[in-house]
Amino acid sequence: MPLIEARTQIAAKKETVEGAAETLSASDAFLAANVKFTPNFAMGERKNVSSSLSPWASIPGVRSAKLEFDVELKGSGTAGTAPALGNLLKACGLGETVDSGKSVTYAPASSSISSLTLAAYQDGIIKKIWGARGNVSLKLENGAPGWLHFEFTGADFSVTDGTMLSGVTYESTKPVAFLSATFSIDSYSALIGVLEINMNNEVNLRKDANSDSGYKSAVITGRKPTMTMDPEHVTVATYDFFGKLRSGNEGSLSLVLGSTAGNICTIKAPKVQYINISDDVRDGIRSLGITCQLNRSSGDDEISIAFT
């Protein structure tokens with residue numbers, strides 16, 4: 001029988017011991033799309049010489065794998081209760097602050113970043129990684145729900161036959177379309193169609209010759225968050241994009257999406273700096289392609305994502 005793409009589940013669980021695979025259950029499952037598993041092997045080439053030019057068998061060496069997928073940008077539906085995507089954000093270097101009954105806020109962390117065990121259940125095959133940490137990016141497009149793209153690197157993996165998870169209950173809240181939003185950059189309410197933010201985490205593997213895979217776990221060793229947007233071009237008197245670029249100006253970003261308690265998403269960045277601007281055209285109207293760097297204010301605060 002063929003394996004049906006739509007019959008896919010994905011689950012993740014925080015590891016009690018970093019790099020030790022957890023047993024996943026129905027309660028660890030969450031909604032996702034565009035699931036992709038990519039194994040990575042280093043093959044040791046044997047360059048022995050003989051009377052023949054034929055190659056010798058290579059020796060499998062260190063191995064790791066990536067698991068990437070998209071998750072809808074949405075809250076839990078209850079103010080002060082962490083959404084399903086919370087564990088994923090924490091393993092991508094974002095700390096979680098819960099204000100009971102009010103809000104859950106995610107902001108960059110430089111320590112105590114949890115590792116995950118994740119698995120994709122693909123209609124009879126289970127592809128699992130562990131000792132995983134990763135990177136996250138956000139895309140908001142006019143009229144469409146917001147999506148978070150996650151890419152996790154695992155220190156080891158397995159591919160086995162197995163059944164789908166049973167008794168799964170998914171978070172019932174629905175994502176909000178990028179409409180009726182409140183957006184401003186440097187106190188200017190720019191007209192934009194697309195906004196993208198990428199944490200640009202540096203994810204590296206810890207070498208461990210005592211382990212089967214040659215790695216202990218994946219770790220985040222740095223980050224350089226960036227943002228791109230496509231504001232409508234305006235006169236210098238209205239807002240001087242190029243002047244801000246020339247001066248190295250840092251302005252604050254504020255974006256509020258949604259209006260229902262438990263599913264209101266507020267994104268803030270205190271020090272947004274333009275680092276590149278190019279001319280563009282959107283539907284016959286002049287626009288700009290802008291790349292920004294999200295800088296620190298006092299540290300671990302270059303961006304925050306709050307659900308209220």
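**Exercise 1. Place Arg 223 in the structure.**

Arg 223 is partly exposed, with a relative accessible area of 25%. The scale is this: buried means under 20% relative accessible area, exposed over 50%, and partly exposed in between (1.4 Å probe, protein chains only). The model is predicted: local features need pLDDT of at least 70, side-chain atom pairs count only at pLDDT 80 or more, and totals for chains, interfaces and linings use all residues. Residues are numbered from 1 along each chain as its sequence is written, and side-chain values use heavy atoms, with hydrogens and water left out.

Step 1: find the element. Arg 223 sits in the loop between strand S14 (215–222) and strand S15 (226–229). Strands (E, at least two residues) are DSSP runs, numbered from the N terminus.

Step 2: list the contacts (heavy atoms within 4.5 Å). Setting aside neighbours within four places in sequence, Arg 223 touches residues including Pro 108, Met 199, Asp 300 and Glu 302.

Step 3: check a distance. Val 203 is 20 residues from Arg 223 along the chain, and their C-alpha atoms are separated by 8.9 Å.

**Exercise 2. Count the disulfides.**

Step 1: apply the rule. A disulfide is a pair of cysteine sulfur atoms within 2.5 Å. The count is zero.

Step 2: check the cysteines. For Cys 92, the nearest cysteine sulfur is that of Cys 265, 16 Å away. Cys 265 is in no disulfide either.

Step 3: add accessibility. Cys 92 is buried, at 1% relative accessible area. Cys 265 is buried too, at 4%.

**Exercise 3. Describe the largest cavity.**

Step 1: know the term. On a 1 Å grid over the protein atoms alone, a cavity is a set of points where a 1.4 Å probe fits but cannot get out; lining residues have an atom within 4 Å of a point.

Step 2: count and size. There are four cavities of 30 Å³ or more. The largest holds about 100 Å³ of space.

Step 3: read the lining. Among its residues are Leu 89, Val 136, Ser 137, Asn 198 and Ile 303. Strand S8 (125–141) and strand S12 (194–198) each give two or more residues. S8 gives the most, with three.

**Exercise 4. Find the hub residues of the largest nonpolar core.**

Step 1: define it. A nonpolar core is a set of buried Ala, Val, Leu, Ile, Met, Phe, Trp, Tyr and Cys residues joined through side-chain atoms within 4.5 Å.

Step 2: name the residues. The largest core has 58 residues; Phe 69, Leu 88, Leu 118, Phe 150, Phe 152 and Met 227 touch the most other members. Strand S17 (residues 265–282) gives the most to this core, with six residues.

Notes
1 Å grid on protein atoms, 1.4 Å probe; cavity = no way out; pocket = protein on both sides within 12 Å on 5 of 7 lines; lining within 4 Å. Points joined across faces, edges and corners; volume = space filled by probe spheres on them. Helix = DSSP H or I, 4+ residues; strand = E, 2+ residues; numbered from the N terminus.
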